[in-house]
Structures are given as C-alpha cells and as structure tokens.
Amino acid sequence: MSPGKQALESASAVPMAAGARLEKMRRRVRLSRLALFTAIAAGPLALGIALVSGSPTVTAAASHKPAAVRSAATAADPAGYAQMFLEAWLRSSADDANSAQARLARLLAPDVDLPDPGSGAQPKAATVTAVRSVQQGADAWTVTVAAQYADGRLHYFAVPVAADARGASFTVTGAPGVVAGPARAAVSRSPFKVGVPLDGDLSLALGEFFGAYLTGAGGVDRYLAPGVKVPTLSPAPYTAVTVQQVSADDEAAVAGRFPSGGAAVRVLVRLEARDAEGRWPLAYRLALKARSGRWEVAGLEAGAAQDGGVR
C-alpha cells in the first residue's frame, strides 16, 4: 500500500472512531433518561436511587423493599470493656506495677498512667458499674462508669474508648475523668388511682397468691387464670409476706358486689416480705380477671413504678 493511501485511510478512521464514541454516549444518555422516567413512575424511593446512580438498573431496585440493616453501634457498645478497665485502674497503683490489677489496666489501656494512692488513701471502690454509653464518632465512645465505695461515696467516671464497627476490638484511649452522674428522670403519673381495701376479696386473693409465690406455701397454680404460667421461685426466698397497699386502675376492683365473670383490672401491690435477715419492701404489677366468683392472676410483673409518681 502506498504511503498516500495509508494516510488517507488513517485520516478517515479518526472521524469513524469519534462517531462511534459519540453514538455510545448518546445511547447511555437515552438509557439514563429512560431509567429516570421509570423511577418517577415507580415512586420517590426509586427516583432518589436514579438521581444518585444514573443507572438503568433502578427499575429492579425499586421493585424490592430495602433490607433491614443492623446498627453497628449496638454491636460495638464498649460498656463492659470500660467497666473492666476502670475497676482494674481504681484498684491498681503505680508503686506496684506488677500487680494483677495494674497489669490488667495496662493491657486494656496501654497509654494510660496508673494512679498513685498515698499510704492513707480511702477505701478502694467496692463495685463498679457502667451506666451510660455515648458514641462520639465512627469508632469513638465515651462510657460513664459509676464507682461505689465502701464508705458510701459514689463517683462517676467518663472513660474514652475506641471500638471497631463489629465490636471485635476495643482500646481505652485516655485517662478517666470524674464527671457528674446522669440526671434524675421524670416519672409519669401512675394509672393506679383507685385505692383497694386490704380486707376486700381482691386484696385477700393477692395475699394468698404472694404467700404461695414468695414463701413456697402450697404452690401458685390454683390462683392463676386458665392458660397462665408463673415460674416457681426455688428455693422460696422469704418466710412470710404481708400486703401493705393495693391500688387499681378500675373501679371494678372495689365494687360492692363481686364483678361478673370476665371483668378485668390491673393492680399495683406493695408488700413486705420477711426472711432471716430482715424485712424487704417489694412491689408488683398484676393483671387480674374475675371467674367463678373469685379473682385470678392473669399476669405478673415486678419492678413496677410506684403509685403517685410525678410528671
């Protein structure tokens, strides 16, 4: 082939290649427009995907619900790690760097100095408990840890911790600092507004139930509504139980005559339990149903808010 003819063919190939690229770009634009119009018809979610991706595959994405994603913060919470460090740190001393507590504190926080208590230092912390975790960034947390001392003192420490997203590794990144404790939360008013006489049928039934439940006297099945199960406390923790106060959420609990079958109330019971070591105030919330001329326990919950809480 002559040099002139070769040059001519090379020159003609340039516009052909450019034209092919231009046609390819036009085809991509047409597909993107089609995807956008399809997403508009499919709804706001698909439209958002189309605007971000510019891909013609958004029609498939719009036809599926988004998958649930587990929060990485939940998995990574380093509260237990911070609690373990602070307990070791408070019980260690720079003068005894080879003690078990000092070695543990150094292992959990390699760059944190140990304390240096004097010879007349106050008692070491008796119990240490993590009470609050706050994520400060992608891998940074601050854990508030309460330290209670044998002499009654209570201090709160903020412990900075680094954690990976999977919760597989942690490191205390700085010395703890004493901070104020969590504020006291407001308590909503109790729904149990109706006082129930202690000599009435409902209070007497509750006394018999808790006598069986907390002292093991006779079992609780005979006090339960059909289908209700209450696990047995074994061994029974108390020797005697006295009902101190009963409050209900419905006037049916104090009706002059026994309510008809099917009547239901919720009650808050405050009672006093005794054992060999003393007296213990306890509180329970229960659901009761009337059947065959008596009240039966339909549900039991401990740790209920006390009657007459504040807003």
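In the predicted model, T144 touches T129, A130, V131, R132, Y156, F157 and V179 when residues up to four places away in sequence are left out. T144 is found in strand 2, which spans residues 140–149. Its relative accessible area is 10%; because buried means under 20%, T144 counts as buried.

The protein as a whole contains 7 helices and 10 strands. Of its 311 residues, 30% count as buried. Contacts between residues at least 6 apart in sequence were also examined, and 51% of them join residues at least 24 apart. The protein exposes about 19,200 Å², of which carbon and sulfur atoms supply 55%.

In soluble globular proteins, nonpolar side chains tend to be buried together. The largest nonpolar core has 35 residues, and those touching the most other members are L202, L206, F209, F210, V267, V269 and L286. Two or more residues of this core come from each of helix 7, strand 7 (240–248), strand 8 (264–275), strand 9 (278–291) and strand 10 (294–302). The element that gives the most is helix 7, with 8 residues. Apart from this core lies another, of 24 residues, which includes A88, V145, F157 and V161.

The surroundings of V269 were listed without its neighbours within four places in sequence. On that basis, V269 is in contact with L206, F210, V243, Q245, V246, L282, A283, Y284 and L286.

Aromatic rings were considered next. A pair of aromatic rings is described by the distance of the centres and the angle of the planes. The count comes to 6 aromatic pairs. One of these joins F85 and W89, with 6.5 Å from centre to centre and 35° between the planes, a tilted arrangement. Both residues of this pair, F85 and W89, lie in helix 5 (residues 79–90), where they are 4 residues apart, about one turn of the helix. F85 and W89 are both buried.

A stacked pair is formed by F209 and Y213, whose ring centres are 5.7 Å apart and whose planes differ by 5°. An α-helix has 3.6 residues a turn, so residues three or four places apart point the same way. F209 and Y213 are separated by about one helical turn because they stand 4 residues apart in helix 7 (residues 201–215). Both F209 and Y213 are buried. Ring pairs also extend beyond these two residues, linking F209, F210, Y213 and Y284 into a cluster. Within this cluster, F209 and F210 are also among the residues that touch the most other members of the largest nonpolar core, while F210 and Y284 are among the contacts of V269.

A charged group is placed over a ring elsewhere in the model: the charged end of R153 sits over the ring of Y149, 4.1 Å from its centre.

Helix 6 (residues 100–108) has A102, A105 and L108 as its buried residues. These residues lie on the same side of helix 6 because they cover an arc of only 135° around the axis. The exposed residues A100 and L107 are carried by the face of helix 6 turned away from its buried side. Helix 5 and strand 4 (170–172) are the elements against which the buried residues of helix 6 pack. Helix 5 is also the helix that holds the F85 and W89 pair.

Methods: Residues numbered from 1 in each chain as written. Predicted model: local features only at pLDDT ≥ 70, side-chain atom pairs only at ≥ 80, totals over all residues. Heavy atoms only, no water. Phe/Tyr/Trp six-rings, centres within 6.5 Å; stacked < 30°, edge-to-face > 60°. Buried < 20%, exposed > 50% of the residue type's maximum accessible area, 1.4 Å probe, protein only. Lys NZ or Arg CZ within 6 Å of the ring centre and 35° of its normal. Core = buried A, V, L, I, M, F, W, Y, C linked by side-chain atoms within 4.5 Å. Contact = heavy atoms within 4.5 Å. Arc of directions from axis to C-beta. Areas by Shrake-Rupley, 256 points an atom, 1.4 Å probe, with all protein chains shown as cover.
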